[in-house]
Amino acid sequence: MIKSSGTNWLKVLGLLGIGVVAVTKGPKLLRYVSRKAGFSETFNKAAERVDHAVGWDKLPVALGMLTLVGIRNTLRAENLYDTSSAPSVPMPDPIPEGQHHLTARTADGTFNDLSNPRMGAAGTRFGRNFPIEYSYPEPDPAILSPNPRTVSLELLTRHTFAPATTLNVLAASWLQFMIRDWFSHGKSPKENPWKLPLKEDDKWHENPMLVLRTRPDPTRPPVDDGEPPTYANTETHWWDGSQLYGSKKEVQNRVRAYEGGKLKVGPNGLIPLDPKALEEPGTWLGLALHFNLFTLEHNAICDRLHAEYPSLSDDQLFDKARLIISALLAKIHTVEWTPGILGHPTLQIAMRANWWGLAGEWAYRHFGRLSKNEVISGIVGGRTDHFGVPYSLTEEFVAVYRMHPLVPDDYVFRSTVNDAILQERGFKEISDKHIPELFEQIPMADLLYSFGVAHPGAIQLHNFPRALQNYERPDGFMMDLGATDILRSRELGVPRYNQFRQLLHKPPVRSFDEMTANREWAEEIKRVYDGDIDRVDTTVGLFAENPPKGFGFSDTAFRIFVLMASRRLNSDRFFTVDYTPEVYTQVGMEWLDNNTMKTVLLRHYPQLGPALAKVDNAFAPWARVGQAR
């Protein structure tokens, strides 16, 4: 209950109440509230107070929606910071290839913003969600306290697998598929690693444990200028399918078939597995499944475009298909994956509203956009907006997507015909060099089915994959990825948990029992951090939090998501002003309107029909063949 201290609370609730009426009573009132209140400081402060007092997730759906609008407005105004002002080495201006960049995505992400062609391109810096002065990493020895290996072993280790029962393993592999598009800090140098001293009973193969440092920013002069460190993204920052197409022209050239706009696929319907790609750390079957599926989807789009527009050249077909695939991936993530992992009624509406607005999909299909306002008609197809800061992904965004507990250690492969067990393997046996043998031994439909009926891990403490705490990279280097995740956020200057919360306009936790309802966890965290709650790492706090009802991850992590998920759409002209039939083709727009993850799966593997027949969201558990759901 809200403890009212007078008329201030009445004003707060009254202002948000206007929004409730607006949402429930029609577009005119919604337009009024979005113009008069939704973007005013008074409204935003009111939303913050209600959120602190009650929690947006505990409010009725309409009131929760308006509270989230206010929260996002505040984050847009106060939590976007540019790192490009730090000293830089001279960079030549990109040179366009004729008029190609006006209606197609470039390989390296340049020219998305025509007035700032390098914005968001591969090789540009990660931004920040917090003021730059908070991005200094702690000095030695504080940066290694407590020992990241201790944090990993005592707080992250999976003793018993805790499943996320509302999801399937495709949801886990999908996230890594997306991350391969969004960001990479590049290959870590092997010189001058971090050295973590180990306890005598630690069974690690060497003491101290070596953790490779993050690659230095190649855009910074090699001189200590006293400014906080910056880091560059080797991938494009845009949501542009670069995991399929690459972030360099030479990579794009390698995957193209140069016939009919298509990507390379063997006569068996399988992508050629590049030996170099299999040597990339973190390459596993889950990624390969999505790569194969959406390569086939790209080629299916090319066939449809060629049938409708036979005069289009190979390059034109490729460019249009890439545009459509990139938007389809963004749509699936926005209106399917996210509502799947954040299963709260308010979020089911909110994420669909990011794409179609509160007017909804039906109104969009029948009438198009009803308003320029994104609250009413969605971000997609609206105006481009960087909110005063050049677009980039942020180090804090990277930190909250460290969700390795989603990955199971053990995998059972089953037949789509009768659910019979075909093979059982551990994570190591479905990674890197083992992927080709799995592709040869088990049909693709069976691999997808096996992921569809199995659960990923819950994102919480004591659920980090054992295989990733003792992970041997293809080059032989051993990693405890749990310890690495903890140290990586510290190294990159991501504040610790309590400060992280406060900088996102959430109150700090005052005790370990307030951090988590699990008393055993609270005691363990208190012991590991020597009773100092302000030293708790952000990853630990996020995994310990009691998430909102139906959520697969914490509300604190969700604040970064609220801001950055919509920003990736707002800033990209191919999702805003150039999301048109003139750029995508009419066939492309119809493809985007009419397809989901489920339709993609069924187009290429119709034998999955029985398992998917009663499934609305393909990231939810599928029905086992021969069993009632």
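What share of the 629 residues in the protein chain is buried? Buried residues make up 59% of them, where buried means under 20% relative accessible area, exposed means over 50%, and partly exposed lies in between (1.4 Å probe, protein chains only).

The structure is a predicted model, in which local features need pLDDT of at least 70 and side-chain atom pairs count only at pLDDT 80 or more, while totals for chains, interfaces and linings use all residues. Residues are numbered from 1 along each chain as its sequence is written, and side-chain values use heavy atoms, with hydrogens and water left out.

**Overall form**

The protein chain has 29 helices and six strands. Helices (H or I, at least four residues) and strands (E, at least two) are DSSP runs, numbered from the N terminus. The radius of gyration of the protein chain is 24 Å, which agrees with the value near 25 Å for a compact globule of 629 residues. That radius is taken over C-alpha atoms, and the globule rule is 2.2 Å times the number of residues to the power 0.38. Along the principal axes, the C-alpha atoms fill a box of roughly 65 × 65 × 60 Å.

Of the contacts between residues at least 6 apart in sequence, 75% join residues at least 24 apart; a contact means heavy atoms within 4.5 Å. The accessible surface of the protein chain comes to about 25,900 Å², and 54% of this belongs to carbon and sulfur atoms. Accessible areas come from the Shrake-Rupley method with a 1.4 Å probe; for residues, only the protein chains shown count as cover.

The protein chain carries 70 positive and 74 negative charges, and their mean positions are 6 Å apart. Lys and Arg count as positive and Asp and Glu as negative, with His and the chain ends not counted. Each charge is placed at NZ of Lys, CZ of Arg, CG of Asp or CD of Glu.

**The β3-β4 hairpin and S450**

Strands β3 (residues 410-414) and β4 (residues 421-426) pair in the antiparallel sense over five bridges; two strands pair if DSSP finds at least two bridges between them. In β4, G426 is the bridge partner of D410, and E424 is the bridge partner of V412. The two strands form a hairpin with six residues between them, and D419 in the turn has a positive phi of about 70°.

S450 lies in helix α18 (residues 444-453). Leaving aside residues up to four places away in sequence, S450 touches V412, F413 and R414. S450 has a relative accessible area of 2% and is therefore buried.

**Backbone features in loops**

Two peptide bonds that end in proline are cis: the one from D140 to P141 and the one from S145 to P146. P141 is found in the loop between α5 (100-103) and α6 (148-156), and P146 is also in the loop between α5 and α6.

Y258 and H462 each have a positive phi without being a glycine. Y258 is found in the loop between α9 (249-255) and α10 (275-278). H462 is found in the loop between α18 and α19 (466-469). With a relative accessible area of 43%, Y258 is partly exposed, whereas H462, at 13% relative accessibility, counts as buried.

The angles of these loop residues and bonds are listed below.

| Residue or bond | Angle |
|---|---|
| D140 to P141 | omega near 0° |
| S145 to P146 | omega near -10° |
| Y258 | phi of about 55° |
| H462 | phi near 55° |
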